[in-house]
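The following paragraphs lead from the overall form of a protein chain to the charged pairs within it. Please keep the sequence and the coordinates at hand while reading.

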Amino acid sequence: MTRRGLGLVAVTLGLATAAGAEAPNPLAEVARRVRSEALSRTAAFDRLVELCDGIGHRLSGSKALEAAVAWAQVRLTSDGHENVRLDPVQVPHWQRGAESAELVSPRPMALAMLGLGGSVGTPPEGVTAEVVVVSDDTALAALAPDAVKGKIVLFDHAMPAWTPERGTGYGTAVKYRVVGAVLAAKAGAVASLIRSVTAHSLRTPHTGMMRYEDGVPKIPHAALAVEDAALLARLAKSGHKPVVRLRMEARTLEPAPSHNVLAELVGRDLPREIVLLGAHLDSWDVGQGAHDDGAGVVMAMEALTVLRRLGLRPRRTVRVVLFTNEENGLAGGKAYASMHGTELHVAAIETDSGGFAPRGLAVGLPDAAAERTAVPRLGAWLRAVDPGLGFGAVEARGDGGGADISPLAKNGVPLFAYLVEESRYFDVHHTAADTVDKVDPTDLARGAAFLATVAWSFAESGPP
Ligand SMILES: [Zn+2]
């Protein structure tokens, strides 16, 4: 519907309308300037190309991650930002090494796999065993005692597809990636596999973080492409007792030095009060970390630069933080909270859902009742800026925040997550296909404009 159409509906219903929109709306005016500047530039996408093609993926402990740290420092400095600095952080150092999974019986076939981050390796000759397929932990518990002893467990758990009503199915499906090795080892398995955590697949396996538990044997843990997990499930169901050989050289080395990268637009009135805009520089060791989270990095950088170019210096300081080690340890977020947690943060916003079209914001407050009342205020704020931005990004939700900024919650800092059109995010998340060609340059510029408006307004007037 057009705005004119909305006005007619409102008049018909006899409502007081957003036609109040005719009244001066300084926030929308700022948003309009920010949008015009951001969409006139290609800097965000140009920089994503520099990061993704020039440096590539950036796992904690890698030389590439430190190259990305140095790159970000140079770019933030050349944009004229204040207090550009590197905070030292020790990060976990896991290396994948060579790896493979092959079907041995009933016929030889290479399987599409990726080891999961933090997994132990196999002996050099690999682990060869029959695969027992279960859908979830209830099905595993229902098996006869010793049914998986000496075998490989495959958690063939399907992630539900994204829907507008329910959103992504990632939250529930990721469980077997995180704790599958513990569940399988407790049952006596010698290795564990998962169906990749995605609802759509072109035979691309998805990696990601996993955990062990003290006192439970550490067994190798890997993801198969959805198609290959489904193949093993069909073979098992038809009585073929599939046998797989898993070979992984994965190992964990001593922690390595890394850095969070900080830059500021210092507030004109209350410089010691901070609005944090964060994203993470590290990525998994496949693909290019383009949507996850190169897009967040370049949108945060560009948001700060757009405000500076427009001379929009808010009352409080806007601080961009490019965190290290979000993917496998959160050492960057924890180090930031311990080094800067006593500074007064009036809000922290994280962008880590890809560089898709803007949809809105989610707010997270320590007090659940306060959060419930904050959501409608946030919605009103989004509707007030939307006439200027024109993206229709007016979705307000609770349960906001982000992994890197989550350690600030204990200090009572209001946390916000940037919401995007995420229906395709998990198709490429943590895969070899998370490459810069999947990112739309205009969506990225829109995201930078949205985040610049959020940062300016929260720093000027406080979060709604
Ligand atoms: Zn991420």
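What does the accessible surface of the protein chain come to, and what percentage of it belongs to carbon and sulfur atoms? The model is a predicted one, and its accessible surface comes to about 18800 Å². Carbon and sulfur atoms account for 56% of that surface.

Beneath the surface, buried residues constitute 55% of the 464 residues in the protein chain. The chain is built with 13 helices and 16 strands. Its radius of gyration is 24 Å, close to the 23 Å that the globule rule gives for 464 residues, so the chain is as compact as a globular protein of that length. Along the principal axes, the C-alpha trace spans about 70 × 55 × 40 Å. Contacts also connect distant stretches of sequence: of those between residues at least 6 apart, 82% join residues at least 24 apart.

The charges may be considered next. The protein chain carries 47 positive and 52 negative charges, and the mean positions of these two sets are 2 Å apart. Side chains of opposite charge can pair when their charged atoms come close. How many salt bridges does the structure hold? There are 25 salt bridges in the structure, and several of them merit individual inspection.

One of these pairs is E213 with K186, whose closest N and O atoms are 3.3 Å apart. E213 belongs to the loop between β7 (191–195) and β8 (221–224), whereas K186 belongs to helix α7 (residues 175–186); the two are 27 residues apart. E213 is partly exposed, with a relative accessible area of 39%, and K186 is exposed, at 54%.

Another salt bridge brings together the side chains of R319 and E264, with an N to O distance of 2.7 Å. Because R319 lies in strand β12 (residues 316–323) and E264 in strand β10 (residues 251–265), this pair ties together parts that are 55 residues apart in sequence. Are R319 and E264 buried or exposed? Both R319 and E264 are buried.

A further pair is formed by E460 and R268, with 2.8 Å between the closest N and O atoms. Here E460 is in helix α13 (residues 441–461) and R268 in the loop between β10 and β11 (270–280), so that the partners are 192 residues apart. E460 counts as buried because its relative accessibility is 16%, under the 20% limit. Finally, E82, R308 and R313 are joined into one network by salt bridges that share partners.

Definitions and conventions: Residues are numbered from 1 along each chain as its sequence is written. This is a predicted model: local features need pLDDT of at least 70, side-chain atom pairs count only at pLDDT 80 or more; totals for chains, interfaces and linings use all residues. Side-chain values use heavy atoms; hydrogens and water are left out. Helices (H or I, at least four residues) and strands (E, at least two) are DSSP runs, numbered from the N terminus. The radius of gyration is taken over C-alpha atoms; the globule rule is 2.2 Å times the number of residues to the power 0.38. Buried means under 20% relative accessible area, exposed over 50%, partly exposed in between (1.4 Å probe, protein chains only). Contact means heavy atoms within 4.5 Å. Accessible areas come from the Shrake-Rupley method with a 1.4 Å probe; for residues, only the protein chains shown count as cover. Lys and Arg count as positive and Asp and Glu as negative; His and the chain ends are not counted. The place of a charge is taken as NZ of Lys, CZ of Arg, CG of Asp or CD of Glu. A salt bridge is a side-chain nitrogen of Lys or Arg within 4 Å of a carboxyl oxygen of Asp or Glu.
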